[in-house]
Amino acid sequence: MRTQQTGMRPHIGQRISAQYADLTAQEQRVAAFILDHFDDLAVYSAADLSRLTGVSKSTVSRLFKRLGFESFQAVKRHARELRSQGVPLVTDPEAVAGNGERFKRHHERERQNLRSALEGIEPQTFEAVVARLDSARRVVLVGFRNSYPLAIHFRQQLIQARSGVSLAPEPNQSLAEELVELGEDDLVVLFGFRRRPSGFDALVQELASMPCRVLLIADATAGGYAEQVDWWLECPIDSVSAFDSYASAMSLISLLANGVLHHRLAQGRARIDAVSELYDRLDELSSP
């Protein structure tokens, strides 16, 4: 049984905060600049830091060594590692360029992510997941932090075509009440994108011991959980910018929801029509 590592070494910002009072005045100038520009630290060079803070290159080097880095290249590697863990940091200089290059690079990365997500799904796996989404007595969607909006959106799509779709946990509620009675006819869709909460390991292990089936939708950092679930669909979320992009995950949600609708076309269309009629009677949606 594999589990994920949840502990992380202090990042450079935390190290600065812990040692700031012991730094020299010039070192503090560099440290303050780093904290103020933490999101795009990786796009600077040591010479840039020296020039922008008005201190010598030797001062910059001395500061990094005090913080536990052998060189500025080690700092840049550290920043890239943080970015791979989901910390919002810019690691591509072109991502902050004031020209059309940022849009080109963003577009290319989005295409790569989407291609990787969709080409990584075996047709028989997709059909098995859609069939289970259609036939399950209950479908419970679970997401935390950045995964939560994805769970909400998937529920909103599925509930157009079928009943028995719920979101867990509800705001300010716990999971146990929603999961305790799940049986072999039920399905849990678990979103597990990086920077997962500390209880995620225990949740996966608990679900693995239950009779329900489990679909995990996540990025590559959740690969260690693949053996504990019935299906794992990987969606890359890497971005050339500071924040992760969930475009591939949203596209997969659309594909799965449409698959469910086509799997139960007659019942699904009837439900959609009934929902639309109720929208009108309740005057819930404005006219286009």
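1. Strand β3 is joined to strand β4 (residues 213–218) by 5 bridges, and the two run parallel. Strands are DSSP runs of E of at least two residues, helices are runs of H or I of at least four residues, and both are numbered from the N terminus; two strands pair if DSSP finds at least two bridges between them. Within this pairing, Leu190 has Leu216 of β4 as its bridge partner. The connection from β3 to β4 passes through helix α10 (residues 200–209), and this β-α-β crossover is right-handed, the term being used when, with the strands pointing away from the viewer, the path from the first strand over the helix to the second runs clockwise.

2. The model is predicted: local features need pLDDT of at least 70, side-chain atom pairs count only at pLDDT 80 or more, and totals for chains, interfaces and linings use all residues. Residues are numbered from 1 along each chain as its sequence is written, and side-chain values use heavy atoms, with hydrogens and water left out.

3. Strand β3 also pairs with strand β1 (residues 139–143), in the parallel sense and over 5 bridges. Here Val139 is matched with Leu187 of β3 as its bridge partner.

4. Strand β3 spans residues 187–191, and 5 of its 5 residues are buried (buried is under 20% relative accessible area, exposed over 50%, partly exposed in between, with a 1.4 Å probe and protein chains only). In a regular strand, side chains alternate between the two faces of the sheet. In β3, Leu187, Val189 and Phe191 point one way, Val188 and Leu190 the other way, and all are buried.

5. The model contains 7 salt bridges, each defined as a side-chain nitrogen of Lys or Arg within 4 Å of a carboxyl oxygen of Asp or Glu. One of them joins the side chains of Glu27 and Arg62 at 3.2 Å, N to O. Because Glu27 belongs to helix α2 (residues 25–36) and Arg62 to helix α4 (residues 57–66), the pair ties together parts that are 35 residues apart in sequence. Glu27 is buried at 1% relative accessible area, whereas Arg62 is partly exposed at 39%. Glu27, Arg62 and Arg66 are linked in a network of salt bridges.

6. Arg194 forms a salt bridge with Asp244, with the closest N and O atoms 2.7 Å apart. Arg194 lies in the loop between β3 and α10 and Asp244 in the loop between β5 (231–234) and α11 (247–263), so this pair ties together parts that are 50 residues apart in sequence. Both Arg194 and Asp244 are buried.
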